[in-house]
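Student: I've got a structure on my screen and I'd like to learn how to read it. Please take me through it step by step.

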Amino acid sequence: MYLRRYLGEEGVIANPDVFDPDYLPEELPFREGQMGELAREITFFARGNAPTNVLLWGPPGTGKTATVRKMLREASAVFPLRTVYVNAWKQRSRLSVLSGVASSLGIPVPLKGVSADLVLQRIEEFLEENRAIIAVDEADRLVGREDVLYDLSRLGKNALLITVANGRDFLSLIDRRVVSSLFQAEVEYPPYTVPQLTEILRQRAEAGLYPGTYDDQVLRACAAVGYSRGGDARVAITCLFNAAKRAEAEGSRRITLEHVKAARAALPERTPLEPHLSLIVRILREKGPLTTKEIYEEVRKSYNVTIRSIRNYVRELERLGLVKVSRAPRRGNVLVVEAK
Ligand SMILES: Nc1ncnc2c1ncn2[C@@H]1O[C@H](COP(=O)(O)OP(=O)(O)OP(=O)(O)O)[C@@H](O)[C@H]1O
Ligand SMILES: [Mg+2]
């Protein structure tokens, strides 16, 4: 970067790492309340009390992962505790989640030929002597394969569990006993407002863009994009970064509203698994078998969806083993979906 500045080739983006999904800013404004609640449970547990397991929930891009990672980092620096972060979306099987937990705890587990039960046993043995905070991110992705949540919920008094999900509807799809032991407290993450997103973007821009390349109008426009997609800071940040890249590619020293507009149009659609899947299962349980079109009519009452996305959700539910799909008798390719 210095070299570019020296050569007089300063562009728009001073530090692209600031826009990386894994970048963790020093400050997480507007999440003091949520971090305070987490801090309270962590401190209570760290002082030797039995854990109060917490569920964190809120729509995409509301700072759940960022606050959890921050609090785990601080907890392991301040207390004699191990901390574990696993992402249930990336580690999809029971074995891979448990292996992830074991390796974060520093438990040596052979890479091959090991059973999930054995890994679980090793974790249990470790927790007889040690205390740990275990965070399971994107836990709603485990619906249909929630056996690992059951395992974790039985780890006992030396493990504080922090479960993260997009909503709490998935709870209705998993075993009641798991629900009652995993979710003794909950912390909600509401969508961000436009002023909040603007402030979050200002912080990013100051850290990642050259001064004078953006103005309040640009930040507000990107904030509005994040707001329109459910108060999502990730969307707002991506929008700003993409607008900056466009400006830079054009050789412009300033991001304009035109760049933001183009960046907005190029944003990928991201449909969270939650709460649509849970809603579909609930509808099927209440109303019995329905065709995809009938499901669409029902879901449409609550969400702005397309029939094509309903087909995708149904396919995902089928893959998860939560519904059975069959062809309607004498009706060609009409599909009938039934909750299992
Ligand atoms: N209060 C905040 N201040 C600064 N940056 C934030 C804040 N909240 C979220 N972010 C940033 O927004 C992005 C998305 O946040 P995060 O990954 O924590 O969302 P999430 O709630 O875990 O979403 P998902 O449900 O999709 O996993 C990250 O880059 C994060 O650093
Ligand atoms: Mg997350």
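Student: Which residue follows α4, and is its phi positive or negative?

Tutor: Gly106 follows α4, and its phi is positive, near 80°. Names like α4 come from DSSP runs, numbered from the N terminus: helices are H or I runs of at least four residues, and strands are E runs of at least two. Before we go on, this is a predicted model, so local features need pLDDT of at least 70 and side-chain atom pairs count only at pLDDT 80 or more, while totals for chains, interfaces and linings use all residues. Residues are numbered from 1 along each chain as its sequence is written, chains are lettered from A and ligands numbered from 1 in the order in which they are written, and side-chain values use heavy atoms, leaving out hydrogens and water.

Student: Which residues of α4 are buried?

Tutor: "Buried" means under 20% relative accessible area, "exposed" means over 50%, and "partly exposed" is in between, using a 1.4 Å probe and protein chains only. In α4, residues 94-104, the buried ones are Val97, Leu98, Gly100, Val101 and Ala102. They pack against β2 (82-87), α5 (116-129), β3 (132-137) and α6 (147-153).

Student: And Ser104, where does that sit, and what does it touch?

Tutor: Ser104 belongs to α4 too, but it counts as partly exposed because its relative accessibility is 31%. For touching, look for heavy atoms within 4.5 Å, which is what contact means here. Leaving out residues up to four places away in sequence, Ser104 touches Arg82, Thr83 and Val84. Try a distance as well: Ser104 and Gly230 are 126 residues apart along the chain, and their C-alpha atoms are separated by 33 Å.

Student: How far apart in space are Gln121 and Leu155?

Tutor: Their C-alpha atoms are 10.0 Å apart, with their positions 34 residues apart in sequence. Gln121 is in α5, and a relative accessibility of 40% is why it counts as partly exposed.

Student: Which residues have a positive phi although they are not glycines?

Tutor: Phe30 is one of them, with a phi of about 70°. Look for Phe30 in the loop between α1 (2-6) and α2; a relative accessible area of 29% makes Phe30 partly exposed. Glu138 is another, at about 55°, in the loop between β3 and α6. Glu138 is partly exposed as well, at 22%.

Student: How do I describe two helices packed together?

Tutor: You give the angle between their axes and the distance between the axes. Axes are lines fitted to C-alpha atoms, for helices over the stretch in contact, and angles run from 0 to 180 degrees between N-to-C directions. Here α2 (residues 32-46) packs with α3 (residues 64-78) at about 35°, and the axes are 10 Å apart.

Student: Which residues meet there?

Tutor: Met35, Leu38, Ala39 and Ile42 from α2 meet Thr67, Lys70, Met71 and Ala75 from α3. Sort the residues of this contact and you get six nonpolar, one polar and one charged. In that sorting, Ala, Val, Leu, Ile, Met, Phe, Trp, Tyr, Cys and Pro are nonpolar, Asp, Glu, Lys and Arg are charged, and the others, Gly among them, are polar.

Student: Is Gln34 buried or exposed?

Tutor: Gln34, in α2, is buried, because its relative accessible area is 10%. Its side chain reaches the backbone oxygen of Glu188 at 3.0 Å. Beyond its neighbours within four places in sequence, Gln34 is in contact with Val187, Glu188, Tyr189 and Pro190.

Student: Which residues come nearest to ligand 1?

Tutor: A residue counts as near a molecule if one of its heavy atoms lies within 4 Å of it. There are 22 residues around ligand 1, and Pro29, Lys64, Thr65, Asn166 and Tyr192 come nearest. A polar side-chain atom of Thr65 is 2.7 Å from an oxygen atom of the ligand, and a side-chain N or O atom of Asn166 is 2.7 Å from a ligand oxygen atom. For Tyr192, a polar side-chain atom lies 2.7 Å from a nitrogen atom of ligand 1.

Student: How many helices and strands does the whole protein have?

Tutor: It has 14 helices and eight strands. Of its 340 residues, 48% are buried.

Definitions and conventions
Polar contact = N/O pair within 3.5 Å; in protein donor to acceptor, adjacent residues only side chain to side chain.
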